[in-house]
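Thanks for making room for me this morning. I would like to take you through one model, starting with the overall picture and then turning to particular places in the chain.

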Amino acid sequence: MTAIEQTGMPPARAESRAWRKLKRSRSALAGLVIIAFFALLALAAPILPIPDPIATSWSAIRKAPSAAHWLGTDDLGRDILSRMIWGAQASLLAGIVSVAIAVVIGVPFGILAGYFGGWVDLVISRVTEALLAMPFLIMAIALAAFLGPSLSNAMIAIGLTAMPIFVRLTRGQVLAVKQEDYVEGARSVGLGHLDIMLRYILPNVTAPIIVQATLTVATAIIAEASLSFLGLGQQPPAASWGSMLNVAKNFLSQAPWMAMWPGAAIFLVVIGFNLLGDGLRDALDPREH
């Protein structure tokens, strides 16, 4: 029996109420629309009628926005709109994959620490606290530099850096859930630890993990842009919003549009995930049901 069943509310009804509450949140829907827009652009990049993002043109260097190039061109004459669309792939992929790595590693450790307690909790908690004591971006930069400059290594570095957040969150949720009557009942009928953790603990700590994951995607996107800006993420000539900003910093007075568009894209996507995360937090809060 789960926490929802303890309250007498069928799971389908609880999900329906959460969805209705999410739809009533204008800010959450706005965030979802922003994310969906950039996601569709990224997915459709290979079939959109846009120029090659790495094709240079010496006759179109740093051209202002025009009918030929809607968002202008960069220092090598490459179309900024095309690079923005392809760069969305790198940024969104980095955000989602990085958080997936953090969740896959962090959640099991958090469940083990919260469920078993004792020396298991002591070891995992002390390591987690030590990792959380380090500044997020500094640790991501150090790991990315150690692994080597590439988008895949940047995603691994960001994922490992975000992992302690999910360990701590999951541990706290498990400490509360494992005291519930349905968990005690599962123990009393002789279910093993693994069955209890998978069937009774994990489903009841999923909601806050989903909320935290959504919010962490925004942080991961900023981190990927920072690493690419420093040359530790997506490598030229492949497009990335962070690497585009790195090039644009040298031409702020001559070609401000080179920095304006990737900066605006990062801002909008981060705002979108934060708005959606806040909406999910309200919709999945059991106290609101």
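I will begin with the chain as a whole, then move to a helix pair, the salt bridges, two buried residues and finally the backbone.

Please keep in mind throughout that what you see is a predicted model. The protein chain has twelve helices and zero strands, and so the pattern read along the sequence is simply α-α-α-α-α-α-α-α-α-α-α-α. Taken along the principal axes, the C-alpha atoms fill a box of roughly 75 × 45 × 30 Å. Of the 289 residues in the chain, 44% count as buried, while the chain exposes about 14400 Å², with carbon and sulfur atoms supplying 68% of that area. If we take the contacts between residues at least 6 apart in sequence, 71% of them join residues at least 24 apart.

Let me turn to one pair of helices. Two packed helices are described by the angle between their axes and the distance between the axes. For helix α4, residues 80-116, and helix α12, residues 257-283, that angle is about 35 degrees and the axes are 11 Å apart. The crossing in which α4 passes α12 is right-handed. Which residues meet there? On the α4 side they are Ile80, Met84 and Leu92, and on the α12 side they are Trp257, Met258, Trp261, Pro262, Ala265, Val269 and Phe273. Sorted by class, this contact has ten nonpolar residues, with no polar and no charged ones.

Next come the charged side chains. How many salt bridges does a search of the whole structure find? The search gives six, and I will go through some of them.

In one of these, the side chains of Arg78 and Asp74 meet with an N to O distance of 2.8 Å. Are these two residues buried or exposed? Arg78 has a relative accessibility of 8% and therefore counts as buried, the limit being under 20%, and Asp74, at 6%, is likewise placed in the buried class. This pair also belongs to a wider arrangement, since Asp74, Arg78 and Arg83 are linked in a network of salt bridges.

Two further salt bridges lie within helices. In helix α8, residues 181-188, Glu184 and Arg187 sit three residues apart, about one turn of the helix, and their side chains meet at 2.8 Å, N to O. Glu184 is partly exposed, with a relative accessible area of 37%, and Arg187 is partly exposed at 29%. In helix α12, which we have already met as the partner of α4, Asp278 and Arg281 are also three residues apart, again about one turn, and their side chains form a salt bridge of 2.9 Å, N to O. Here Asp278 counts as partly exposed at 34% relative accessibility, and Arg281 is partly exposed at 41%.

I would now like to look at two buried residues. Thr170 lies in helix α7, residues 151-177, and its relative accessibility is 0%, so it counts as buried. What is Thr170 in contact with, once neighbours within four places in sequence are left aside? The residues are Val107, Gly110, Ile111 and Ile209.

Met197, in helix α9, residues 193-201, is buried with a relative accessible area of 10%. Not counting residues up to four places away in sequence, Met197 touches Ile111, Leu112, Tyr115, Phe116, Leu202 and Pro203. Ile111 is therefore a name to keep in view, because it is listed among the contacts of Thr170 as well as those of Met197. As for separation in space, the C-alpha atoms of Met197 and Ile158, which are 39 residues apart along the chain, are separated by 27 Å.

Finally, the backbone. Most residues other than glycine have a negative phi, and most peptide bonds are trans. Where does this model depart from that? A cis peptide bond, with omega about 5 degrees, joins Pro236 and Pro237, and Pro237 is placed in the loop between α10, residues 206-229, and α11, residues 241-248. Arg62, although it is not a glycine, has a positive phi of about 50 degrees. Arg62 lies in the loop between α3, residues 26-44, and α4, where it counts as partly exposed at 32% relative accessibility.

Definitions and conventions: Residues numbered from 1 in each chain as written. Predicted model: local features only at pLDDT ≥ 70, side-chain atom pairs only at ≥ 80, totals over all residues. Heavy atoms only, no water. Axes fitted to C-alpha atoms, helices over the stretch in contact; angles between N-to-C directions. Helix = DSSP H or I, 4+ residues; strand = E, 2+ residues; numbered from the N terminus. Left-handed = near helix turned anticlockwise from the far one by under 90°. Contact = heavy atoms within 4.5 Å. Nonpolar A, V, L, I, M, F, W, Y, C, P; charged D, E, K, R; others polar. Buried < 20%, exposed > 50% of the residue type's maximum accessible area, 1.4 Å probe, protein only. Areas by Shrake-Rupley, 256 points an atom, 1.4 Å probe, with all protein chains shown as cover. Salt bridge = Lys/Arg side-chain N within 4 Å of Asp/Glu carboxyl O.
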